[in-house]
Amino acid sequence: MKDVRKILLPLPSTSNAEAALVRGGNFARRFGAHLAVLHVRPDGRDIAPLAGEGMSGAMVEDLMRSADHESARHAHDVHTLFERYTAAQPDIQVVPLHSMYPVDAPSISFTVVRGAESEIVPAQARLSDFTLVPHPDSGDEVSSSETLHAVLFDSGRPVVMAPRTSPVGLIKRVCIGWNGTAESSSALRGALAWAQTAEAVRVLHCGDYQRRGPSAKDVLEYLAAHSIKADAVEFQPIDRDVGKGLLAACKDFDADMLAMGAYSHSRLRQLILGGVTRHVLETADITVLMSR
């Protein structure tokens, strides 16, 4: 599979990072691709403007030293985890980030940069085939959730959310959530890399969530044009919750991955009222590809 050559994996901390590394290594093997692990250290100088908010220069200096110490600890912990993981993966070659990657062979790199994660990660994601992120536990790891949304809204590329626990083996069963929107079309295109070699593919659709656009039957014809055999199943909301019904349908199929469009409604509306994207982000226990 030559469609995937570079995978970006930002690791802000060690929270859920091991499962993301395992999934990323599996992807690198599957596609013969490069996994670029990135840790962004916050720049303590960003605290300096607080001096104009009633804080003395000495107080700001203390805050900057404390923030720098904390960021150094995070960087050390992430790098230690990276080294422990790669030491146990002799088939994945460790290479410098900007070197030539081995052709059709899995490789991995690690780099640390300073700056704003919400700016650096989407910029690097634009020249990656997709970005893999650790599962952003609700209320626990705010930065990784911000990174996920920054990639979704500002990279033009898909984002793949790893499960919380380390997955076993390759992705073999793929579900594609479809509702006729441009977002679901983008996710469909992103899912082809996995669907082309999957053991089974299923298109999931729901009458309560279908928008004006191509039907699930049309999706099956599109997949067939890519030599992908799939079936389509209409699922029902559970307790009037489409997201809950979608994940239940994935479980019924024993899916390893769900591909879906993200935020057909605005993100603000979903944060206030709830929505399919929010429900999946908060509760999914499988690998999820999202795209806009």
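A residue counts as buried when its relative accessible area is under 20%. By that cut-off G177, with a relative accessible area of 11%, is buried. The structure described here is a predicted model, and the account that follows moves from the chain as a whole to single residues, then to pairs of helices, and lastly to the cysteines.

## The chain as a whole

The chain is built with nine helices and eleven strands, and of its 292 residues, 51% are buried. When contacts between residues at least 6 apart in sequence are considered, 79% of them join residues that are at least 24 apart.

## Three buried residues and their surroundings

G177, introduced above, belongs to strand β7, which covers residues 173-177. Once neighbours within four places in sequence are left aside, the contacts of G177 are S184, L204, L258, A259 and M260. For one of these partners, M260, the separation from G177 is 83 residues in sequence, while the C-alpha atoms of the two residues are 4.8 Å apart in space.

T111 is a residue of strand β4, which spans residues 107-114, and T111 is buried at a relative accessible area of 17%. Apart from residues up to four places away in sequence, T111 touches V37, L38, H39 and L97.

A150 has its place in helix α4, formed by residues 142-154, and with 14% relative accessibility A150 also counts as buried. Neighbours within four places aside, A150 is in contact with S118, P122 and S155. Between the C-alpha atoms of A150 and A125, which are 25 residues apart along the chain, the separation is 9.9 Å.

The table sets out the three residues with the element that holds each of them and its relative accessible area.

| Residue | Element | Relative accessible area |
|---|---|---|
| G177 | strand β7 (residues 173-177) | 11% |
| T111 | strand β4 (residues 107-114) | 17% |
| A150 | helix α4 (residues 142-154) | 14% |

## Two residues with a positive phi

Most residues other than glycine have a negative phi. Against that background, N16 is worth a look, as it has a positive phi of about 60 degrees although it is not a glycine. N16 sits in the loop between β1 (6-10) and α1 (17-31), and at 16% relative accessibility N16 counts as buried.

D254, which is not a glycine either, likewise has a positive phi of about 60 degrees. The loop that holds D254 runs between α7 and β10 (257-261), and D254 is exposed, its relative accessible area being 55%.

## Two pairs of packed helices

Two packed helices are described by the angle between their axes and the distance between the axes.

In one such pair, helix α7 (residues 242-252) and helix α9 (residues 276-283) have axes that come within 8 Å and cross at roughly 50 degrees. That angle makes α7 oblique to α9, and the crossing of these two helices is right-handed. On the α7 side the residues that take part are V242, G243, K244, L246 and L247, and they meet V276, H279, V280 and T283 in α9. Sorted by class, this contact of α7 with α9 comprises five nonpolar, three polar and one charged residues.

In another pair, helix α5 (residues 182-195) packs with helix α6 (residues 216-225) at an angle of about 40 degrees, and their axes are 12 Å apart. The helices α5 and α6 are therefore oblique to each other, and their crossing is right-handed. Here L188, R189 and L192 in α5 meet V219, Y222 and L223 in α6, and by class the residues of this contact divide into five nonpolar, no polar and one charged.

## The cysteines

How many disulfides does a search of the whole structure find? The search finds zero disulfides. For C175, the nearest cysteine sulfur is that of C250, 4.1 Å away, and C175 is in no disulfide. The cut-off accounts for this, because a disulfide needs a pair of cysteine sulfur atoms within 2.5 Å. C250 is likewise in no disulfide, the sulfur of C175 at 4.1 Å being its nearest cysteine sulfur. As for burial, C175 is buried with a relative accessible area of 0%, and C250 counts as buried at 2% relative accessibility.

Methods. Residues are numbered from 1 along each chain as its sequence is written. This is a predicted model: local features need pLDDT of at least 70, side-chain atom pairs count only at pLDDT 80 or more; totals for chains, interfaces and linings use all residues. Side-chain values use heavy atoms; hydrogens and water are left out. Axes are lines fitted to C-alpha atoms, for helices over the stretch in contact, and angles run from 0 to 180 degrees between N-to-C directions. Helices (H or I, at least four residues) and strands (E, at least two) are DSSP runs, numbered from the N terminus. Angles under 35 degrees count as roughly parallel, over 145 as roughly antiparallel, 65 to 115 as roughly perpendicular and the rest as oblique. A crossing is left-handed if the near helix is turned anticlockwise from the far one by less than a right angle, and right-handed if clockwise. Contact means heavy atoms within 4.5 Å. Ala, Val, Leu, Ile, Met, Phe, Trp, Tyr, Cys and Pro count as nonpolar, Asp, Glu, Lys and Arg as charged, and the others, Gly among them, as polar. Buried means under 20% relative accessible area, exposed over 50%, partly exposed in between (1.4 Å probe, protein chains only).
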